[in-house]
Amino acid sequence: MYPNSKLLIDGEMCEAEGEATYPDISPWDGKEIGRAADGSVSDLDRAIAAARRAFDESDWPTDHAKRIAALRRYAAVLQANRPRFANLARDEAGAPGASIFSAACDAPLGMIDGWLDVAENYDWEQDIGTSEMFGITSRRKVWKEAIGVVAAITPWNVPTQINIAKVLPALAAGCTVVLKPAPETPMLGSLLGELAVEAGLPAGVLNVITSADAATVGAALVADERVDAISFTGSTATGKAIMAAASERVAKVFLELGGKSASIILDDVEDFAQAVGSGAMVCFHAGQGCATITRMLVPRERHDEAAAILKHALEGVAYQDPNSPMQIMGSLISRRQQERVLEYIEIGKAEGATLVTGGGIPEDKPEGFFVEPTLFANVTNDMRIAQEEIFGPVLVLIPYDDDDDAVRIANDSVYGLSGAVHSSNMERALDIARRIRTGTFGINGGMWYAGDAPFGGYKQSGIGRESGIEGFEEYLETKCVAFPESAAA
Ligand code: ADP
C-alpha cells in the first residue's frame, strides 16, 4: 500500500478539508493501492488564492533567470525520483513496461530540460521599429509576458506526460499553476507537488488539488475569475463544457481532446505485412491514447490479407508481465472504461462489422479491467466504431478504392489529431500528408512525438499546441508598447 497522498496548497503538503480521502484503485486487479486526499471546492479556493498571490505579489513572473534556476532544481529532483513515477504509472495508471519506458514516465521526464531551454533562450522583447500613425512617430516594442494563473486539468491515461507537459512549460513561462489531476490518478499529481516542496519551489507557484468527484472541483476551477487560462486534456465532451464555461469570462483555453486517427497503407508499400502489422500498436497502453491509430485504411483488394495479418498480430500481443519492457498491453483504467469499450464492441457487431478477433474480457484475466485486443474488418467509415473514440484496444479495418478515397475517408471525421501513411514512394506519401487535416502525421513509421515538437489537433481534437515553442507560447500574453521616437528606451 502507498501512503495517503496529499494536496499541495501554498507551498505545504496538506490534508483535504475534513481530512477527506478516497480509495485509489489499481487497474490490474481492482484493489486499493492507498488513499488520496479528496479535495473540496474550499481547498481549491485556497489553492487559487495562493497561485494568484504568487503571480501578483512575487517576482516569479518577471525574474526569468531566478525562475529557470529554481525549475532546473525541480527538474533534477523529478528526474531523481524516476522510480516513484514509474511505479505509480504502473500501479495507479495501469501502464505496462513499454509505456513506462516511453510516454508514461521516461519520455516526459526526459523532455523537461528541453522545455526549460526554450524558456531560457526565449526572446521576451522584440523591437518592431517605428511607425507613423495619425501624425505620431512612435517606436514600438512587443513584450511577451506570462499569462497569469493557469488551471491545468488532466486525464488519467498518461498522467505524468500530461501533468508535466502543462506544469513545466507554464511555470517556465512565469505563470503560476493549479493542477487538478483526474480522480483515477491522484498520486501521480500529488507526487509532482511533493517534489516541488522538496526542490524548494516558492510557495503558491504550483498547487495540486486531487478530488474523487470528476467534475465539481474542475468546473469550479474553470469558472473562477482569478484563473487566467485553462489548459485541458481529456474528452471532447468535457472540453466543450470547459470552453463554454470559460467563454463566460473570455478566459483563454488550450484544449487537447479526442482522436480517431487513421493510418493509410498505400498499394505500393514494400513490406505490406510490416506496415499493416503496425496496427497492433492499438494495444499500446490498452489503446488509451488520444493519438493512437484506431482506423487502418487498406486497398480494397488486399483487405482480407490485411485482416489475416492483423488477426495474427493482435492474437500475439502478450499481457502477462506488466514489468516487461516489451509489454505494450495493459489494463483499462477502470470498470467504467472497460464497460464502455465492451459496449462499443457490441455496437460494432450490431452495425454489421466483422469481428475478426477479440471482443471480450480475456479468460485468464478476470480481475482488473482488461479487454482483449480486438479487430473489426469490413468496416465502413460511417459506422460509429469508425467515427467515435473508443479509447480501448480496438482497431477497425476499412477498405478504400484509390488515394483520393483514402484521403476522403481519413478526413471524414470530427477529429483531426494524428495520422499516418505507409508507401515506398516518398512524393506520394508527402502528397497524402499535405492533404490530411491533422495536427501530427507520421510517414513510414516516422515519430512526431517529442518535447520540441508541437502536439495538438485540428477540428474537434482541440485548440492550441503542447510542447515545442508553440506549447511554451500558449502560456504567454503579448503586449505592444509604443513611445515617441525621441524617448530613451
Ligand atoms: P473521462 O470521462 O475519460 O474520465 P474527462 O475528459 O471527463 O475524461 O476528464 C478529464 C479531466 O477533466 C479529469 O481531470 C476530470 O476530473 C476533469 N473534468 C471532468 N468534468 C469536468 C468539468 N465539467 N469541468 C472541468 N473539469 C472536468
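Below are some worked exercises on the predicted model shown above.

Before you start: the model being predicted, local features need pLDDT of at least 70 and side-chain atom pairs count only at pLDDT 80 or more, while totals for chains, interfaces and linings use all residues. Residues are numbered from 1 along each chain as its sequence is written, and side-chain values use heavy atoms, with hydrogens and water left out.

**Exercise 1. The core**

Task: find which residues touch the most other members of the largest nonpolar core, and which helix gives the most to this core.

Solution.
- Start with the terms. A nonpolar core is a set of buried Ala, Val, Leu, Ile, Met, Phe, Trp, Tyr and Cys residues joined through side-chain atoms within 4.5 Å. Buried means under 20% relative accessible area, exposed means over 50%, and partly exposed is in between (1.4 Å probe, protein chains only).
- The largest nonpolar core has 89 residues, and Y74, L168 and I230 touch the most other members.
- Helix α6 (residues 159-172) gives the most to this core, namely eight residues. Helices here are DSSP runs of H or I with at least four residues, strands are runs of E with at least two, and both are numbered from the N terminus.
- Now zoom in on L168: leaving out residues up to four places away in sequence, L168 touches L71, Y74, L78, I112, W115 and L116. Touching is contact, meaning heavy atoms within 4.5 Å.
- Apart from the largest core lies another core, of 59 residues, with V276, A280, L342 and V394 among them.

**Exercise 2. Two helices**

Task: work out how the axes of α2 and α6 cross and which residues make the contact.

Solution.
- Two packed helices are described by the angle between their axes and the distance between the axes.
- The axes are lines fitted to C-alpha atoms, for helices over the stretch in contact, with angles from 0 to 180 degrees between N-to-C directions.
- For helix α2 (residues 64-80) and α6, the axes come within 10 Å and cross at roughly 155°.
- That makes α2 and α6 roughly antiparallel to each other. The cut-offs are under 35 degrees for roughly parallel, over 145 for roughly antiparallel, 65 to 115 for roughly perpendicular, and oblique for the rest.
- On the α2 side the contact is made by R67, I68, L71, Y74 and L78, and on the α6 side by L168, L171 and A172.
- By class, that contact has seven nonpolar, no polar and one charged residues. Here Ala, Val, Leu, Ile, Met, Phe, Trp, Tyr, Cys and Pro count as nonpolar, Asp, Glu, Lys and Arg as charged, and the others, Gly among them, as polar.

**Exercise 3. Charged pairs**

Task: say where the partners of the E184, D401 and D431 salt bridges sit.

Solution.
- A salt bridge is a side-chain nitrogen of Lys or Arg within 4 Å of a carboxyl oxygen of Asp or Glu. By this rule the count comes to 29 salt bridges.
- E184 pairs with R336, with the closest N and O atoms 3.7 Å apart. E184 is in the loop between β8 (176-180) and α7 (186-198), and R336 is in helix α12 (residues 335-351), 152 residues apart. R336 is exposed, at 53% relative accessibility.
- D401 pairs with R300, the closest N and O atoms being 2.7 Å apart. Again the pair links distant parts of the chain: D401 is in the loop between β16 (394-400) and α14 (403-411), and R300 is in the loop between β13 (293-299) and α11 (303-315). D401 is exposed at 53%, and R300 is partly exposed at 43%.
- D431 pairs with R435 at 3.6 Å between the closest N and O atoms. They are four residues apart in helix α15 (residues 426-435), so about one helical turn separates them.

**Exercise 4. Positive phi**

Task: place D10 and H285, and decide for each whether the residue is buried or partly exposed.

Solution.
- Most residues other than glycine have a negative phi.
- D10 has a positive phi of about 50°. D10 is in the loop between β1 (7-9) and β2 (12-14) and is partly exposed at 31%.
- H285 also has a positive phi of about 50°. H285 is in the loop between α10 (272-277) and β13, but is buried at 3%.
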